[in-house]
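Subject: Structure handover

Hello,

Here is the structure for you to look through. My notes on the metal site, the pockets and the cavities follow below.

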Amino acid sequence: MKRKALILVDIQNDFIPGGALAVEKGDEVVAVANSIMEKFDIVVASQDYHPKNHLSFASQHEGKNIGDVIDLKGLPQNLWPDHCIENTKGSEFVKGLDVSKINEVFQKGMDREIDSYSAFFDNGRKKATGLSTYLGKRMIDEVYVMGLATDYCVKFTALDSLHLGFNTKVIKEGIRAVELEAGDSEKAIKDMENPGIEMVSIDDL
Ligand code: VGL
Ligand code: ZN
């Protein structure tokens, strides 16, 4: 039997309707997650977790607006509304998510100076979160990814998983996109499929 892990990406209050960086219908992924967690050997969750002065926030850059792109330590950085601040409601997992089935939580984005979309590494790939080692130690063969948001954290988590050598699949009912621009969701799905990530349905599990 293949050993399967499920990564729940950033299912947090700030990414659902009413939150600071709301993803349309983001709350709908909660029921999907709850319905499939028992099918996996390991379930982990990532948590976007920023200090209140994080440099991905437009509020930290005089004269800049949400949606602008700046250079942050040599990397292009989208500027976001303040979101997922440590020890606030916005960074907590969405109520209703069955956290009792989550084996381990990996936080990311704690360093003020570097953003971290992937649950595995920061955007400069300088620091690992520990997730890769965690999955390796548990002899995981297949990694399934779902959560928020398709065009950012889901995409970069799935791509890193693939590049680390895990057979990687994304659960299509379990993702929703920010869509700063129309078409971003479809583009992100192509960016994942092209290098070999498979899009699967909950009915295939
Ligand atoms: C995310 C933007 C900024 C995400 C996190 O979880 O997709 N997007 N921080
Ligand atoms: Zn963030």
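Which residues are the protein donors of the zinc ion (ligand 2)? They are Asp-48 (OD), His-50 (NE2) and His-83 (NE2), and they lie 2.0 to 2.2 Å from the ion. Please keep in mind that this is a predicted model.

Metal site

Along the chain, the donors of the zinc ion (ligand 2) have the spacing D-x1-H-x32-H. His-50 sits in the loop between strand 2 (42-48) and strand 3 (69-72), and His-83 sits in the loop between strand 4 (75-78) and strand 5 (104-108), so the pair ties together parts that are 33 residues apart in sequence. Why is the arrangement around the zinc ion (ligand 2) irregular? It is irregular because the four donor atoms subtend angles of 89 to 171°, whereas a tetrahedral site needs all angles between 85 and 135 degrees.

Are the two histidines buried or exposed? His-50 has 0% relative accessibility and so counts as buried. His-83, at 3% relative accessibility, counts as buried too. The cut-off for buried is under 20%.

Pockets

The largest pocket holds about 260 Å³ of space. It is lined by 14 residues, and those closest to its centre are Asn-78, Asp-151, Tyr-152, Lys-155 and Phe-156. At least two lining residues come from each of strand 4, helix 3 (150-163) and helix 4 (184-193). By class, the lining of the largest pocket has six nonpolar, five charged and three polar residues.

For the second largest pocket the volume is about 160 Å³. Its lining includes Gln-107, Lys-108, Gly-109, Met-110 and Asp-111, and also Lys-127, Ala-128 and Thr-129. By class, this lining has four polar, four charged and three nonpolar residues.

Cavities

How many cavities of 30 Å³ or more are there? The count comes to two. The largest cavity contains about 120 Å³ of space. Of its 14 lining residues, Phe-15, Leu-21, Tyr-117, Tyr-152 and Cys-153 are the closest to its centre. The lining of the largest cavity divides into nine nonpolar, three charged and two polar residues.

The second largest cavity has a volume of about 60 Å³. Strand 4 gives the largest share of its lining, three residues. Among the residues lining the second largest cavity are Leu-72, Lys-73, Glu-113, Asp-115 and Asn-123. By class, the lining of the second largest cavity has four nonpolar, three charged and two polar residues.

Regards

Note on methods
Residues are numbered from 1 along each chain as its sequence is written. Chains are lettered from A and ligands numbered from 1 in the order in which they are written. This is a predicted model: local features need pLDDT of at least 70, side-chain atom pairs count only at pLDDT 80 or more; totals for chains, interfaces and linings use all residues. Side-chain values use heavy atoms; hydrogens and water are left out. Donors are N, O and S atoms within 2.8 Å of the metal (3.2 Å for Na, K and Ca); water is not among the atoms, so sites may look incomplete. Four donors count as tetrahedral if all angles lie between 85 and 135 degrees; four count as square planar and six as octahedral if opposite donors are over 155 degrees apart and all others between 65 and 115; anything else is irregular. Helices (H or I, at least four residues) and strands (E, at least two) are DSSP runs, numbered from the N terminus. Buried means under 20% relative accessible area, exposed over 50%, partly exposed in between (1.4 Å probe, protein chains only). On a 1 Å grid over the protein atoms alone, a cavity is a set of points where a 1.4 Å probe fits but cannot get out, and a pocket is an open set with protein on both sides within 12 Å along at least five of seven lines; lining residues have an atom within 4 Å of a point. Grid points are joined across faces, edges and corners, and a volume is the space filled by probe spheres set on the points. Ala, Val, Leu, Ile, Met, Phe, Trp, Tyr, Cys and Pro count as nonpolar, Asp, Glu, Lys and Arg as charged, and the others, Gly among them, as polar.
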